[in-house]
Amino acid sequence: MNRSIKILLLVFVICLVAIVANLSWIQIFGAEGIEDNAFNKRRLVEEYAIQRGDILSADRQVVARSVDTGTEYQYQREYPLGSLLADVTGYDSWMYGRSGLEKTYNRELLGDGSVLTLRSLANKLLGASKKGNSLVLTVDARLQATATEALAGRKGAVVALDPGTGAVLAMVTAPTYDPNVTVPFQNDDTAAWDALVANPEQPLLDRCTSGLYPPGSSFKVVVAAAALDSGLVAPETQFNCTGELLVHGYTISDFGGKSHGNITFADALVVSCNNTFAQVGLSLGAPSLVQYAELFGFNEVIPFDLPVAESRIAEPESMDPVAVASSSIGQAEVLATPLEMALVAAAVANGGVVMEPYLVDEIQDYNGKTIERFGPGKWQEATDRATASTLTRMMVEVVDEGTGRAARIPGVEVAGKTGTAEVEGAESHAWFICFAPALDPTVAVAVIIENGGEGGMTAAPVARQVLEKALSLD
Amino acid sequence: MFVGFVSVELAANGKVLPSLFIYPGAVAGIFLALHITLRIFLPRADPLLLPVSAGLTFVGMVMIYRLDPGLAMEQSIWIAVAAVSFILVVLFLRNYELLAQYKYTLAVAALLLLASTMVLGTEVNGARLWLRIGPLNFQPSEIAKILLVIFLAAFFAEKHELLSVSTHRVLGVKVPELKYFGPLLLMWGVSVLMMIFQKDLGSSLLFFGIFICMLYAATSRKSYVFVGLALFLLGAYLCYLSFGHVETRVMTWLHPFNPATIENESYQITQSLFALSSGGISGCGLGLGQPNSIPSVTTDFIFSAVGEELGLLGAVSVVVMYVLFVARGVKVALTQRDDFGKLLAFGLVSIIALQSFIIMGGVTRLIPLTGITLPFMSYGGSSLLANFILLALLLVLSDRAAGTDAVGIKEGSSAPSHKYNGIRTPLHPLLLRSAPCAVLREYASVARLAGAAHRRSQCFTVLMRRDTMR
């Protein structure tokens, strides 16, 4: 009897030792896989126990802040400005995850940023950093409001940049959404979010960075820069517009089918002559055209705080003359985001240099002390300074007496270019890209109104309102 | 335990009020009273079983206080009630042999208790194992398991020679006559019935496990074990096929992270695993984790909460305490003179061993999860009551065996008993002297670290010893 009892003791001990072994496995080696499980809400609970830093607009309005909800997920987001900066800040929700700057700067907002300064270290050691770091945006809420009002509910996007630095001053997409619906701490109602996801107008899509549209005639700015920069043409170079240009059996016609007759290159931009720009594009050749487009940011991922769709132009090898001609007027396989077209305008304004666009001006600790500041960064050199200033003069003419007259501002020289991008089976997309004041630019703007018709009629007035507001804020 | 309470309070409120010491003080007082009772009535009782049980109870008490301060008061009242029954057993059941005479009465009582829930029980968490008596919920299977062990011990002590006789040979293995498999089949039937009618997989597994262990201890016949295990597997497989809840248990064991079940059926086990993994080696600190996200964390899943907040070190200390308890208990069994005492002591120990294994293995996903309390630690009156009665019986048995030792009738393993007794004498005065120092040391460290990382296994060992004043 004693022998069998001893054997059973051994069995018991083996069983209990197996528990120790299994525990060690879970708690030491297996922990990674288990902790990363999407259904493990411990991390979420821990994260939401931290009061995230605020997000402030350039004019120091509170765009996002964390409030103590007293629920399991203690601190949750509140967006006092509602939908105004929804596509900039994104949302932070334990239920739906994160997007926008809330996602990009999650670590900083939670207070464990990559930059460990003496101050943040001291805060950490003193246990004082109960609140995460705040973001101060480059975006001005007032300009954002003006741009939103100017769009007046039409589908489209507005991007305003400081051409000298690349700082984004406004970034509006419409329709948009109220990020507060992603934070269901007041009620458990998920219907509002479900409606957003199901909405065919795609309010959750940030058109500024992810909407790809044919740029139409606004792309002529890129073609003109290429032609001028490579020495192919000068503003005075004469062209003959017969109204219709036959390229390998395909006809490039001008707006309304009218012919411009003998015309200078500068005037061709003013009246947006398709015939002339198709000729220029064909003379430039596909490789040169694509090369310049890429210098302006096409076929590249724009370095940015938010995910950006790549603006596209076809590879030179795959382009036949028809493709080259129609690409030169911003049709065919050319697709651009509003952000990209704003960069084109800003590059011309900035002497041919494309700056990296950015949304966050500085990061502050919970005391409002700056711990990191983001300065301007040069991205690419598209043209030389002389080309840029020649092109600027031409674009001023566009606004003064050409297709962009609706963007004229009394007492301010505005440089701009319209675009009316044909869409098969629907009204054209209306574009306008511009900057002001022409000789010392402080703001560059790109506007698109989906199916808005003529750029000079619908997009240019929106751009003018944004320019006026931006200039009044300086 | 004091350190544990202070830590919890610091983590929760950042300050300590004098009233905080009521619970640990009361529970420590209860154990002191039990210790004095033992000194007076059972002076030769095993010196380690009570401190180990106290250690487990203290860890459980600290965790319950941390999880739900309201339950801590109820738990301390239950500890007091259980302590009273402990004293009653020590006072009136010192002549435990009497129990053997009432074995069939006890067996019938056990069966009645089990059957009562099937008729009168209320269903909690899908299992029907509670009896509602006035304001109290009572779990009869906790008491029934002790009655059953007493019955089995008496029954096997009487019949083990008969059961051990092998007359047949099957496949070269000596096998007893077929009719002696009768009790085995009966017990199997009871277990399967429990599984079916009460949906109580944990108790069913425990009852059958105890039976097999005692049967093997009594007869040394491996064939019983094999046939028993085969029967159990067969029963489990049949249940797996015919009952949804058994199948669910197995599926959640094999695939806990299946997204289809993780929010429902396997929620508990995955929350437990999340808790354990977030604990790591040293734990996230008392009061600083999120064990409340595990359903029924104060009862069946209390071990997961220990794993989360005290880490691997804390959890392993708990396992080590169970190993100590089992080892000491088995030693009590080995030193018994008569078969009844031997089987009784062993049966009681197997309750603790199997029950702690079933639930600790369950919440760590070593074996399929079956709901059952963790002895001494889980919140629950009937569980505490049963465990304290069990402990009292074991101590009565150990006192008797030591008494016979003194007379000079030694049997079996005198060597280990000698070794343990050797530790006892020098330990006693030494610990008494070091206890105040340990208290001061602990308080100093807690004050210094103001709440976070420092309560580890060594705390428990020190506390366990200090609180029982050995």
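A:Ser24 counts as buried because its relative accessibility is 18%, below the 20% limit that defines the buried class. This residue belongs to helix 1 of chain A. Leaving aside residues up to four places away in sequence, A:Ser24 touches A:Phe29 in its own chain and B:Leu312 in the other chain. The model in which these positions are seen is a predicted one.

The contact with B:Leu312 leads to the interface of chain A and chain B. Chain A contributes 30 residues to the contact, and chain B contributes 57 residues. The size of an interface is often expressed as the accessible area that is lost when the parts come together. Here the two chains bury about 3700 Å² between them, and 73% of this area lies on carbon and sulfur atoms. On the side of chain A, the residues that lose the most area to chain B are A:Met1, A:Gln27 and A:Arg42, which together make up 21% of what that side buries.

What polar interactions does the rule find across the interface of chain A and chain B? There are 7 residue pairs in polar contact, both residues of each pair being at pLDDT 80 or more. Salt bridges across the interface of chain A and chain B number 0 by the rule applied. Three helices of chain A, namely helix 1 (2–29), helix 2 (31–35) and helix 3 (42–47), each supply at least two residues of the side that touches chain B. Of the elements of chain A, helix 1 gives the most to this side, with 19 residues. Sorted by class, the side of chain A that touches chain B consists of 18 nonpolar, 7 polar and 5 charged residues.

Attention now turns to chain A as a whole. Its secondary structure comes to 18 helices and 19 strands. Chain A has 474 residues, of which 56% count as buried. Among contacts in chain A with a separation of 6 or more, 69% are accounted for by residues 24 or more positions apart.

Within chain A, an open sheet of 6 strands follows the order 3-2-1-6-14-15, with mixed pairing. Strand 3 (75–78) and strand 15 (370–373) stand at its edges; each has a single partner strand, so one side of each is left without a neighbour in the sheet. Strands of a sheet pair through backbone hydrogen bonds, in either a parallel or an antiparallel manner. In chain A, strand 1 (residues 55–56) and strand 2 (residues 62–68) run antiparallel and are joined by 2 bridges. One of the bridge partners is A:Val62 in strand 2, which is matched with A:Leu56.

Strand 14 (residues 360–364) and strand 15 of chain A also pair in the antiparallel sense, over 3 bridges. A:Ile363 has A:Glu372 of strand 15 as its bridge partner. These two strands of chain A form a hairpin with 5 residues between them, and A:Gly368 in the turn has a positive phi of about 85°.

A loop of chain A offers a further buried position. A:Val308 lies between helix 14 (286–295) and helix 15 (321–327) of chain A, in the loop that joins them. Its relative accessibility is 16%, and A:Val308 therefore counts as buried. Not counting residues up to four places away in sequence, A:Val308 touches A:Thr209, A:Ile302 and A:Leu339. A:Val308 and A:Glu340 are separated by 32 residues in sequence and by 9.5 Å in space, C-alpha to C-alpha.

Definitions and conventions
Residues are numbered from 1 along each chain as its sequence is written. Chains are lettered from A and ligands numbered from 1 in the order in which they are written. This is a predicted model: local features need pLDDT of at least 70, side-chain atom pairs count only at pLDDT 80 or more; totals for chains, interfaces and linings use all residues. Side-chain values use heavy atoms; hydrogens and water are left out. Contact means heavy atoms within 4.5 Å. Buried area is the accessible area (1.4 Å probe) that two parts lose on being put together, summed over both. A salt bridge is a side-chain nitrogen of Lys or Arg within 4 Å of a carboxyl oxygen of Asp or Glu. A polar contact is a pair of N or O atoms within 3.5 Å; within protein, one must be able to donate a hydrogen and the other to accept it, and residues adjacent in sequence count only if both atoms are side-chain atoms. Helices (H or I, at least four residues) and strands (E, at least two) are DSSP runs, numbered from the N terminus. Ala, Val, Leu, Ile, Met, Phe, Trp, Tyr, Cys and Pro count as nonpolar, Asp, Glu, Lys and Arg as charged, and the others, Gly among them, as polar. Buried means under 20% relative accessible area, exposed over 50%, partly exposed in between (1.4 Å probe, protein chains only). Two strands pair if DSSP finds at least two bridges between them.
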